[in-house]
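User: Could you take a close look at one residue for me? I'd like to know where it sits and what surrounds it.

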Amino acid sequence: MGPRFSGFLISAMLFLTQLLSLTDGRDIGVCYGLNGNNLPSPGDVINLYKTSGINNIRLYQPYPEVLEAARGSGISLSMSTTNEDIQSLATDQSAADAWVNTNIVPYKEDVQFRFIIIGNEAIPGQSSSYIPGAMNNIMNSLASFGLGTTKVTTVVPMNALSTSYPPSDGAFGSDITSIMTSIMAILVRQDSPLLINVYPYFAYASDPTHISLNYALFTSTAPVVVDQGLEYYNLFDGMVDAFNAALDKIGFGQITLIVAETGWPTAGNEPYTSVANAQTYNKNLLNHVTQKGTPKRPEYIMPTFFFEMFNENLKQPTVEQNFGFFFPNMNPVYPFW
């Protein structure tokens, strides 16, 4: 083998490695909400996920029509219970058994369930204290149906933290610390992650005087925050590491995090919302989370779900209606996937 051919072969192998790392290796998903009266059929949506190269769906409650469409698709599904179901799932094992028997068992042979998520942003809130019990009962149900390898978790928003700045000061609110400790103990037993919703957009839009657009959009060229020797070039990392610090403070720093929602709206609160800002944020976020961790957890490549697949016209006006990558007619809001 001559040196010229050898060099070509090495270059080709490096290119192939890079290509695979950008596609098959990505642990990236997109949330699929159905709060619209003009959305495409679930079958068309599943096909859109596949043609877009998106291999993970987050679903906010069991929709039989979506579960049917997902059969045999090869797409993994992370599915929530409703917040309204949490109390009954926690206090009645038979209710948890019925939930699993109705929403998981009929599809278990040809739908890949990754996570069962107890509620959405139910902490803090009236249902908070029931979440550990609901997690345990759903885990018992899954095991009884031979599905014990399916992980159970929950998802929390930024306001679960009483302090988030600087990141090292991150701490859970005193009213939920005992609940979070109970949840973390359950997650450790099954080696499950905690899911978090992280929105630099809302932090920036609520305080643009003190938070720069560059810091929110991953476009800062110098560290904006230096915290205990760690340099933060973007707000996303600071928000995630506030959760990491909060977990450290309750003795569960080994718990990994998955971002269950993040995104940027294209309209509804100008000048902070725009197609350009949404495209910049999501593009830079994708590059960031597929290549590196946060300053506090630099080696951990964090799975991330983008919010969301479609603009949904029945959501609260108007910002909430404009997070989608696609219009309901399945045309892209901007080029991305």
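Analyst:
**A close look at Tyr 300**

Tyr 300 is partly exposed, with a relative accessible area of 26%; that label covers everything between buried (under 20%) and exposed (over 50%), using a 1.4 Å probe and protein chains only. Keep in mind that this is a predicted model, where local features need pLDDT of at least 70, side-chain atom pairs count only at pLDDT 80 or more, and totals for chains, interfaces and linings use all residues. Residues are numbered from 1 along each chain as its sequence is written, and side-chain values use heavy atoms, with hydrogens and water left out.

As for where to find it, Tyr 300 is in the loop between helix 11 (275-289) and strand 12 (304-306). Helices (H or I, at least four residues) and strands (E, at least two) are DSSP runs, numbered from the N terminus.

Now for the neighbours. Leaving out residues up to four places away in sequence, Tyr 300 touches Thr 256, Leu 257, Ile 258, Lys 292 and Gly 293, where contact means heavy atoms within 4.5 Å. Leu 257 deserves a second glance: its backbone oxygen lies 2.7 Å from a polar atom of the Tyr 300 side chain.

Looking further along the chain, Leu 195 is 105 residues from Tyr 300 in sequence, and their C-alpha atoms are 15 Å apart in space.

While you have the model open, there's also a helix pair to view. The axes of helix 5 (residues 93-103) and helix 6 (residues 131-144) come within 8 Å and cross at roughly 55°; axes here are lines fitted to C-alpha atoms over the stretch in contact, with angles from 0 to 180 degrees between N-to-C directions.

Definitions and conventions. Polar contact = N/O pair within 3.5 Å; in protein donor to acceptor, adjacent residues only side chain to side chain.
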